[in-house]
Amino acid sequence: MKSASYLRSMRFVRFFLFLLLTIGLLWLLQTPQHVGSNTLPALGSFFNPFSGFWLNAESTAGFPAAEIQISGLKGKVEVVYDDLLVPHIFAENTEDALRAQGYVTAKHRLWQMDISTRKAAGRLSEVLGERTLNIDRLSRRRGMVFAAENAVRGWSKSPEGMRLLEAYCAGVNAYVAQLKPADYPLEFKLLGYAPEPWSPLKTALLVEAMAETLCAGENDLASTNAYALFGRDTFNYLYPEWNPKQRPIIPDTGQWAAIPRPQTPAYEPDYSSAPQEATGQAPLGERPDYIVGSNNWAVAGSKTASGDPILCNDPHLNLTLPSIWFQVQIHTPGQNCYGVSLQGLPGIIIGFNEDIAWGVTNVGHDVSDWYRIRWADAARTRYLLDGEEREAELKVEEIRIKGQAPLLDTVRYTVWGPVAYDHDPEHPLRDCALRWVTHDEPAPAEMMMLMWLDGAKNYADYRQAIRGYESPAQNFAFASRTGDIAMTVQGRLPIRAREQGRFVLDGSKQASAWGGFIPPEQVPAMRNPARGFVFSANQHSTPPTYPYYYLSPDFDGTRGRHIFDRLTALQNATADSMKTIQLDNFSQRAADALPVLLRLLNRDKLGEEGKKLAAELSNWDFRYEASATAPPLYEVWFDSCYWRTWDEITMLREQGKSVLLPERWRFIELLESDTASIFFDRQDTPQRETARELVHDAFARMQKFFEENPEKRVRWGKYRPFAIRHIAQIEAFSRTDLELGGHGSAPNAISRSNGPSWRMIVELGEQVRAKGVYPGGQSGNPGSRYYDNMVDAWATGKYYDLLFLKNKDAAPADRELARLTLLPK
């Protein structure tokens, strides 16, 4: 029998063990846990039934009416939510309307606003840890915050613009101020941090994030290396800048005859200014090999069934959840407009009002150049410019890292811009500074551009509104109820000598600088052409007869050619006609290439299975339909031909050297016109091959690929994976269950993760009618039924009738979801 003292001691031991276990459990529940490279939230807080993720689940009972007081409002604001969770804002003045827009945008997209600006600011590591440190360093070193600060400086010179921007920011902050930790969006709880106040600088960072996506592209290093490798004649042979088959956005009708053409010789690379070591990773701005883009067009009443103009737009971007766009209607006594906005930016970017409609695509001009710096001292604090020493401005960036001491990173700024890669001794652009138009202080009018455009009533208003817009440059399509249609290539576009900026420039000479910017009245534009339509699809802005030289890393001509043909043939058009063009999976590139490949293929040397594959390709209609089985065959065959043709280049690229690849249209042109080109000769064989041998060999490789991988012999929608991923790459919050048609070279330019981010069709009759859809939902909350409720409609080519209200009481009962009333506090 145990003694009493023994039993007491065992009770003490058990109590001590349970105490340690309890303390350990409490620590585990309150401490974020590191699993591999991921960090899990503190489980106690995350699963807390009173403040954890449970509260982010949305009731299926609907949204009750609510009244909320907000400081700064001058009057009452009514927000009517429709059945897609689109807020229709009715305010007594523009300032109140934008304050309300900030409030409702934050209500549904707060975490997305935060994480987007964190990336631009180089502040991801504060919440995600060391794994995003390189991303943050590059954002800082490329001058993203520098550009945003300059943007705010420029906007501040417009008192009206800043007043409206600050009203929007105040609306965001009114919502943030009401939140308790239990109310935070789910991602804040997952990552264990709190939302911050919004500011004009954060809006500017959002604009710079757009610029990084849309106008950071350049091929300076790759082109310089290609020129060094091949010399002038072969460089010109491989890399012509103009595809003679394409249809430019603005054709030459004699409108530029009065503009003098600058008389400048072709720029020849100065290899004393080129990077000494042409190895290492390509810079951020070098584009991927397959580019997708955007489409917009406006059709005159002469080509429509109703006699009224129709405007269409479908910008193609990297698709994410939460969605890129946020639909909203803004109604004040002075304007009534509907469209999509970017969360964090006041106003409507693409949309319509009671008189006009507008849409945008990316211009794509190269507006960033690299300048080789000649340092005057070993410490790299002084550099030479026209023989004189200049002091580099040293900016110390403090990058805070979750769970670690901050990193202090010194960035050198020159007259050209920041030296972005000098922290990496192996980088080929280590001694180069980045001159990027988005670094410049914008005109004060830029902040007012959307406000003016949202309220424009005619062509003159439209041109006046966009005149102040600078970056990233956009093709603004326009149509009005009075019958006008127009297109303007709008932005701050450098004046260059021919081929200036195509190669790395000499930063020791002021003469290497741009020659200013194209005057606003001389940017390419068109109004009411006789053909009855205007359009853009990321092709060249003009033919080479335009007086100003420009270049681009990724102009695409094939998609635009097919859209041109479709619009030319169009008669008695309706909204349904427009849908068929936006959803068109026909590839002009495939239509150009495949007949040439089949003509070069020696079918007599094919076996029975090879002949079946060739017959299937011969019968293909060049449409990348989800159910088609020929597109995978063509893709593998074409890619094998392409990459094996340029083996001289691909071998160098595999070694880490950045060398420019010829464009695909040029490759197809060579297959047609120069089958004996030396570049069709393979480097790994002793004999000399022509295009015919290369095409046949590539076909055999394609056949073997599918024989060895029978699971790949499937329909296009299954062969080409497609996903709309959560911004933080959280699989459970992503959509990966879709099989889609489309291709980057088709009007329906869908690739693995890119595609039409917003499809819009507007008929400008007596009553403006519009249809639209985007691949997501209005809510940023994965627990909401409005998080991805439009994805399936978008994927199957369906559109929603957009509810454009005349007043706050005009919504049909079956389409009104809820009301939110905002009152002055």
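In this predicted model, strand β14, covering residues 368-372, pairs with β22 in the parallel sense, and 2 bridges hold the pairing together on paper. One spot to look for is Y371, which stands opposite L505 in β22. These two strands belong to an open sheet of 3 strands, ordered β19-β14-β22, with mixed pairing. β19 (432-436) and β22 (505-506) stand at the edges with a single partner strand each, so one side of each has no neighbour in the sheet.

Stepping back to the whole chain, the secondary structure adds up to 22 helices and 30 strands. Of the 825 residues, 59% are buried. The chain exposes about 33100 Å², and carbon and sulfur atoms supply 53% of that area. What share of the contacts between residues at least 6 apart in sequence join residues at least 24 apart? The share is 72%.

Another open sheet has 6 strands, in the order β24-β6-β7-β27-β28-β29, and here the pairing is antiparallel. Its edge strands are β24 (533-536) and β29 (800-801), each pairing on one side only. Inside this sheet, β6 (residues 295-299) and β7 (residues 310-314) run antiparallel and are joined by 5 bridges. Two pairs can be picked out along them: N296 has N313 of β7 as its bridge partner, and W297 stands opposite C312, also in β7. β7 also pairs with β27, again in the antiparallel sense, this time over 4 bridges. There, I310 stands opposite E763 in β27.

Is β7 enclosed or open? With 5 of its 5 residues buried, β7 is largely enclosed by the rest of the structure. A general rule helps in reading its two faces: in a regular strand, side chains alternate between the two faces of the sheet. In β7, I310, C312 and D314 sit on one side while L311 and N313 sit on the other, and with all of them buried, both faces are covered.

Helices lie across this sheet too. Helix α13 (residues 558-569) lies across β6 and β24, running at about 160° to β24. Helix α14 (residues 575-582) lies across β6, β7, β27 (759-764) and β28 (768-773), and its direction is about 155° from that of β27. The loop between α13 and α14 contains N572, a residue other than glycine whose phi is positive, near 50°. That is worth a second look because most residues other than glycine have a negative phi. N572 is exposed, with a relative accessible area of 55%.

D386 tells a similar kind of story. Its phi is near 55°, again a positive value in a residue other than glycine. D386 is placed in the loop between β15 (382-385) and β16 (388-391), and it is exposed, with a relative accessible area of 51%.

The backbone has cis peptide bonds to spot as well, although most peptide bonds are trans. One runs from L321 to P322, with omega near -10°. P322 lies in the loop between β9 (320-321) and β10 (325-332). Another cis bond goes from S471 to P472, with omega near -5°, and P472 lies in the loop between α12 (459-466) and β20 (474-480).

Among the helices, α6 (residues 144-155) has 12 residues and spans 17 Å from its first C-alpha to its last, close to the 16 Å expected at 1.5 Å a residue. α6 is mostly covered, since 9 of its 12 residues are buried. The buried ones are M144, V145, A147, A148, N150, A151, V152, G154 and W155. What do these buried residues pack against? Their partners are helices α3 (94-121), α5 (133-141), α7 (159-178) and α9 (200-214), along with β19. β19 is the strand already met at an edge of the sheet of 3 strands.

Last comes a pair of helices. Two packed helices are described by the angle between their axes and the distance between the axes. For α16 (residues 608-618) and α20 (residues 691-708), the axes come within 11 Å and cross at roughly 105°. That makes α16 roughly perpendicular to α20. Where they meet, α16 brings E609, G610, L613, A614 and L617, and α20 brings F699, M702, Q703 and E707.

Methods: Residues numbered from 1 in each chain as written. Predicted model: local features only at pLDDT ≥ 70, side-chain atom pairs only at ≥ 80, totals over all residues. Heavy atoms only, no water. Buried < 20%, exposed > 50% of the residue type's maximum accessible area, 1.4 Å probe, protein only. Contact = heavy atoms within 4.5 Å. Areas by Shrake-Rupley, 256 points an atom, 1.4 Å probe, with all protein chains shown as cover. Pairing = 2+ DSSP bridges. Expected span 1.5 Å × (residues − 1). Axes fitted to C-alpha atoms, helices over the stretch in contact; angles between N-to-C directions. Parallel < 35°, antiparallel > 145°, perpendicular 65-115°, else oblique.
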